[in-house]
Amino acid sequence: MKYIPFILFTVLTNAAAQLMLKYGMMTLGPLSFAGVNPVLKILQIVFSPWIFAGLCVFVVSMASHLFVLSKVELSFAYPFLSLAYVAVAVFAYLLWREDLNAYRIAGIALICVGTVLIAHSGRKTDEAAVASRALQSERSTIQ
C-alpha cells in the first residue's frame, strides 16, 4: 500500500499526457499526408509544442511505472492504470465537453470499484513480499 502514491502519480501523468496529445492534435487540425513527405509530416507532428510536451510527460509516466514495477507485483500495479481512463473521461468532459453519458459513467464506476478491490488485495501481497525479501536477504547473508 505504501506505493499507491507512486502508482497514482503514474496514472495522473499518463492521463495528463493523453490530454496534451489530444489538445496538440486538435491544434494541428485534420491530418493529411497527401502531397507531403511523410517523415517531415511526422516530425512536424512530434515537435509541435503540445505533442512534444505530451510525449515528454508520457516518458515521465513510464519511468514512474518502471519504478512501481520494481516494487510491487505487476498484477497489482497494472490494473491501476485503468484509472487513467477515468481521469481522461472526466477531464475531456470538463475541457472539451466530450460526451459523458450514462453508459460511460457506469463504466467509470465499474473501473473505480474494480480498482478499489485490487487495492485491497495488495495488503497481504505487500506484507508477504516484504517477508519474502527479508528471508532472501537473510539467506544470502548466511551464505
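Which residues touch the most other members in the largest nonpolar core? Keep that in mind while you get oriented; we'll select them shortly.

**The whole chain**

First, a caution: this is a predicted model. Colour by secondary structure and you should find six helices and zero strands, so to speak an α-α-α-α-α-α run when read along the sequence. Now switch to a surface view. The protein chain exposes about 9,600 Å², and carbon and sulfur atoms supply 70% of that. Of its 143 residues, 26% count as buried. If you like contact maps, look off the diagonal: among contacts with a separation of 6 or more, 78% are between residues 24 or more positions apart.

**Into the core**

Back to the opening question. Select Ile7, Val11, Val72, Phe76 and Phe80: of the 17 residues in the largest nonpolar core, these touch the most other members. The elements giving two or more residues to this core are H1, helix H4 (74–77), H5 and helix H6 (102–142).

Now centre on Phe76 and show what surrounds it. Setting aside residues up to four places away in sequence, Phe76 touches Ile4, Ile7, Ile118, Ala119, Ser121 and Gly122.

**A histidine in H3**

Next, select His65, in helix H3 (residues 49–69). Is this side chain's residue buried or exposed? His65 is buried, because its relative accessible area is 9% and the cut-off for buried is under 20%. Show its contacts too: beyond its neighbours within four places in sequence, His65 is in contact with Thr10, Tyr78 and Leu81.

**Along H5 and off its end**

Move to helix H5, residues 83–96. Put a distance label between its first and last C-alpha and you should read 19 Å for these 14 residues, close to the 20 Å expected at 1.5 Å a residue. Then highlight Leu83, Ala84, Val86, Ala87 and Ala92, which are buried in H5.

What follows H5? Step on to Arg97, in the loop between H5 and H6. Check the backbone here: phi of Arg97 is near 55°, a positive value in a residue other than glycine. Arg97 counts as exposed because its relative accessibility is 59%, and the exposed class starts at over 50%.

**Tyr23 and its partners**

Go back to helix H1 and pick Tyr23. With a relative accessible area of 33%, Tyr23 is partly exposed. Which residues does Tyr23 touch, not counting those up to four places away in sequence? Turn on Trp50 and Trp96 to see the pair. While you're there, draw one more distance: the C-alpha atoms of Tyr23 and Gly54 are separated by 9.2 Å, although they are 31 residues apart along the chain.

**Last stop: a nonpolar patch**

Stay with H1 and select Leu28, which is found in that helix (residues 4–28). Leu28 counts as partly exposed, at 30% relative accessibility. Add Leu31, Phe33, Val36 and Ile42 to the selection and bring the surface back: together with Leu28 they make a nonpolar surface patch of about 390 Å².

Key. Residues are numbered from 1 along each chain as its sequence is written. This is a predicted model: local features need pLDDT of at least 70, side-chain atom pairs count only at pLDDT 80 or more; totals for chains, interfaces and linings use all residues. Side-chain values use heavy atoms; hydrogens and water are left out. Helices (H or I, at least four residues) and strands (E, at least two) are DSSP runs, numbered from the N terminus. The expected span of a helix is 1.5 Å times one less than its number of residues. Buried means under 20% relative accessible area, exposed over 50%, partly exposed in between (1.4 Å probe, protein chains only). Contact means heavy atoms within 4.5 Å. Accessible areas come from the Shrake-Rupley method with a 1.4 Å probe; for residues, only the protein chains shown count as cover. Patches are made of residues with over 30% relative accessible area and no salt bridge: like charges are joined within 9 Å, nonpolar side chains (Val, Leu, Ile, Met, Phe, Trp, Tyr) within 5 Å. A salt bridge is a side-chain nitrogen of Lys or Arg within 4 Å of a carboxyl oxygen of Asp or Glu. A nonpolar core is a set of buried Ala, Val, Leu, Ile, Met, Phe, Trp, Tyr and Cys residues joined through side-chain atoms within 4.5 Å.
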